[in-house]
Amino acid sequence: MRWLVAPMIYGLLLLMAPPSKAAGDVILSGPLMPGGLITGKTQPGSLITLNGKAVRVAAGGTFLLGFGRDAKPAQTLEIRAPNGFSYTRDLQLQPRSYQITRIDGLAERKVTPKPEDSKRIQQDNAGIGRVRRLDSHMEDFLSGFQWPASGRISGVFGSQRVLNGKPRSPHNGVDIAAPAGAPVHAAAAGSVALVHPDMFYSGKTVMIDHGHGLSSVYIHMRKIVVKPGQRVNKGDKIGEVGMTGRATGPHLHWGISLFTTHLDPMLVVAGKTGIEVAE
Ligand SMILES: [Zn+2]
């Protein structure tokens, strides 16, 4: 058993040497840091847990690991090979810090909703939550990810938000400033899992399921050109940049989650150009 980590962009480590050759190679590709998505490859038929939680392993041996904004630095990966041999590996995440972002000029009701808004917000969150619980067999994430729109990065993942002077949840995606009407493309292949014409915070919203619990979300659009259930390829147009929902100007907010764990899209998209390690 060889352990290899191909960190793609963050020049990390080579993990460990063989307790046994019987179980074959395990390859982890991606940044080992909060917000990072790791694509792993192991022997088909293996069982994998991360911190004791089962991880889906595809028929070909591919699996995904994701680390949230505040993931603890020590992560425990356990693999049980088809021959019953099991072993654990401690993964150390690189530390990461986040900036504070102040945004003023938002509609006050979008920062402190009125009591009558709460039902709508709950319904929106329920719809988003349903998509984030999907655990499909699809392996569309293997298409890799590209930027869904071009423009200046106006908001980064993880920043602590102060909206109209009030502390709010950390930013869970990346903002791309672009003119209203600029095209928005699917960041990876997948199945359109949610289309909503007007969420309270998100406005016109699309979510795409890429398989294994990995989904992407595109919000504040002014127009949507896909339908629920539709298959999309990486790069297909799904809508146009707008400023619906809570926004001070036209931009695309783009998010990626592994189930309910928000990941950093910038790390995910950067990961595709990395070095593949295989022997
Ligand atoms: Zn945003």
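This report describes the fold, the main nonpolar core, one small sheet and a few single residues of a predicted model.

## The chain as a whole

The chain contains 3 helices and 22 strands. Of its 279 residues, 38% are buried. Contacts often link distant parts of the sequence: among those between residues at least 6 apart, 63% join residues at least 24 apart.

## The largest nonpolar core

In soluble globular proteins, nonpolar side chains tend to be buried together. In this model the largest nonpolar core has 48 residues. Those with the most contacts inside this core are Leu37, Leu64, Val184, Ile208, Tyr218, Leu252 and Val268. Strand S17, which covers residues 214-221, supplies the largest share of the core, namely 5 residues. The core lies between domain 1 (3-96) and domain 2 (100-270), because both domains give residues to it.

Ile208 can be followed through its own contacts. Setting aside residues up to four places away in sequence, Ile208 touches Ala186, Gly190, Ser191, Val192, Ala193, Ser215, Ser216 and Val232.

## Alanine 193

One of the residues touched by Ile208 is Ala193. Ala193 belongs to strand S15, which spans residues 190-199. Is Ala193 buried or exposed? There are 23 other C-beta atoms within 10 Å of its own, and the threshold for a buried residue is 20 or more, so Ala193 is buried.

Beyond its neighbours within four places in sequence, Ala193 is in contact with Val131, Leu134, Met207, Ile208, Asp209 and Ser215. A further distance can be given for Gln230, which is 37 residues from Ala193 along the chain: the C-alpha atoms of the two are separated by 8.1 Å.

## Isoleucine 219 in strand S17

Ile219 lies in S17, the strand that gives the core its largest share of residues. Ile219 has 28 other C-beta atoms within 10 Å and is buried.

Which residues does Ile219 touch, not counting residues up to four places away in sequence? They are Ser202, Gly203, Thr205, Gly245 and His253. Val184 is 35 residues from Ile219 in sequence, and the two are 9.9 Å apart in space, C-alpha to C-alpha. Val184 is also among the core residues with the most contacts inside the core.

## A sheet of three strands

Strands of a sheet pair through backbone hydrogen bonds, either parallel or antiparallel. One open sheet in the model has 3 strands in the order S9-S11-S12, with mixed pairing. S9 (100-103) and S12 (166-168) stand at the edges, and each has a single partner strand, so one side of each is left without a neighbour in the sheet. On average, neighbouring strands of this sheet are turned by 30° against each other, direction ignored.

S9 and S11 (residues 160-163) run parallel and are joined by 4 bridges. In one of the pairings between strands, Ile100 has Gln160 in S11 as its bridge partner.

## Glutamine 160

Gln160 is located in S11. With 14 other C-beta atoms within 10 Å, Gln160 is partly exposed. The limits explain this label: a residue counts as buried at 20 or more such atoms and as exposed at 12 or fewer, so 14 falls in between.

Apart from residues up to four places away in sequence, Gln160 touches Tyr98, Ile100 and Pro170. Ile100 is therefore both a contact and the bridge partner of Gln160. Pro170 is 10 residues from Gln160 along the chain, and their C-alpha atoms are separated by 4.5 Å.

Terms used:
Residues numbered from 1 in each chain as written. Predicted model: local features only at pLDDT ≥ 70, side-chain atom pairs only at ≥ 80, totals over all residues. Core = buried A, V, L, I, M, F, W, Y, C linked by C-beta atoms within 7 Å. Helix = DSSP H or I, 4+ residues; strand = E, 2+ residues; numbered from the N terminus. Domains from an automatic or database assignment. Contact = placed C-beta atoms within 7 Å. Pairing = 2+ DSSP bridges. Axes fitted to C-alpha atoms, helices over the stretch in contact; angles between N-to-C directions.
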